[in-house]
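Visitor: Could you take me on a close look at one part of this protein, the largest pocket and the pieces of chain around it? I would enjoy one connected walk through it.

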Amino acid sequence: AIIENANVSIYAIDTEFRYVTFNSLLRNNIKAVYGLDIEEGDIIFDFLNKLDPEEAKVWQKIYSQALKGESISFEKELKVGDHHSITSLQINPIQSGDRIIGLSCFAWDVTNERLAALQVKKNEARFRALIENNHDVIVVRDKDMSFTYYSPSLPRLLGYTDEELNGKQNIT
């Protein structure tokens, strides 16, 4: 029930790269985006080779690396037709005693978060350009009244250098 109700695609593969289990979210996403049905026991590379044989080689390396005992986390941009997303992935070895018997894999869409972060960066750059190219003086001080930020217009207006203004509390 936990796996089935998670907001992430969850799947496990064995050392032969066969799906051991997966949740409905993974199955539905693969069907919606790629038009393919997957079943437990299917070899994951059969599915990947249908999509992109070169990409399947990349995934072969990733899964093989994880089967050597390394947990792997990364983000991947996925483009299929009109579908474009950024997916965050976590791939972990599954151990039984001292033996690795498969991989647990988690994938979730982070497209909205990445687009929002990009928009924040754009807005910040726009705001910074506005502040730094403005003739008005803008000052931010800490609790001790020392400058933590001042716009480039302050030294120009007062005739101080940046070194002279850093840490100053009062300007005379």
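Guide: Gladly, and one cut-off first: a residue counts as buried when its relative accessible area is under 20%, as exposed when that area is over 50%, and as partly exposed in between. Please keep in mind that this is a predicted model.

Let's start with the pocket itself. The largest pocket holds about 700 Å³ of space. Its lining is made of 31 residues, and those closest to the centre are Ile30, Tyr34, Phe47, Leu78 and Thr87. Several elements take part: β1 (9-14), α1 (24-34), α2 (44-51), α3 (53-67), β3 (72-80), β4 and β5 each bring at least two residues to the lining. Helix α1 gives the most, with 6 residues.

Now we can walk along these elements, beginning with β1. Strand β1 pairs with strand β2 (residues 19-22) in the antiparallel sense, over 3 bridges. Ala12 stands opposite Thr21 of β2. The two strands form a hairpin with 4 residues between them. In the loop between β1 and β2 you will find Phe17. Its phi is positive, near 65 degrees, in a residue other than glycine. Phe17 counts as buried because its relative accessibility is 12%, under the 20% cut-off.

Beside Phe17 in the sequence is a charged contact to look at: the side chains of Arg18 and Asp14 meet in a salt bridge, 2.7 Å from N to O. The two partners fall into separate classes: Asp14 is buried, since its relative accessible area is 14%, while Arg18 is partly exposed at 34%. The model has 7 salt bridges by the rule used here.

Another of these belongs to helix α1. Arg27 forms a salt bridge with Glu39, and the closest N and O atoms are 3.7 Å apart. This pair links distant parts of the chain: Arg27 sits in helix α1 and Glu39 in the loop between α1 and α2, 12 residues apart. Both partners are partly exposed, Arg27 at 32% relative accessibility and Glu39 at 43%.

Moving on to α3 and β3, we meet the salt bridge of Glu55 and Lys76, with 2.8 Å between the closest N and O atoms. Here too distant parts of the chain are linked: Glu55 is in helix α3 and Lys76 in strand β3, 21 residues apart. Lys76 counts as buried because its relative accessibility is 18%, whereas Glu55, at 25%, counts as partly exposed.

That leaves β4 and β5. Strand β4 (residues 83-96) and strand β5 (residues 99-109) pair in the antiparallel sense over 10 bridges. Within this pairing, the bridge partner of Leu89 is Ala107 in β5. The hairpin of β4 and β5 has 2 residues between the strands, and Gly97 takes a positive phi near 65 degrees there.

Finally, one residue of β4 brings us back to where we began. His83 lies in strand β4, and at 31% relative accessibility His83 counts as partly exposed. The C-alpha atoms of His83 and Tyr34 are separated by 9.4 Å, although their positions lie 49 residues apart along the chain. Tyr34, you may recall, is among the lining residues closest to the centre of the largest pocket.

Note on methods:
Residues numbered from 1 in each chain as written. Predicted model: local features only at pLDDT ≥ 70, side-chain atom pairs only at ≥ 80, totals over all residues. Heavy atoms only, no water. Pairing = 2+ DSSP bridges. 1 Å grid on protein atoms, 1.4 Å probe; cavity = no way out; pocket = protein on both sides within 12 Å on 5 of 7 lines; lining within 4 Å. Points joined across faces, edges and corners; volume = space filled by probe spheres on them. Buried < 20%, exposed > 50% of the residue type's maximum accessible area, 1.4 Å probe, protein only. Salt bridge = Lys/Arg side-chain N within 4 Å of Asp/Glu carboxyl O.
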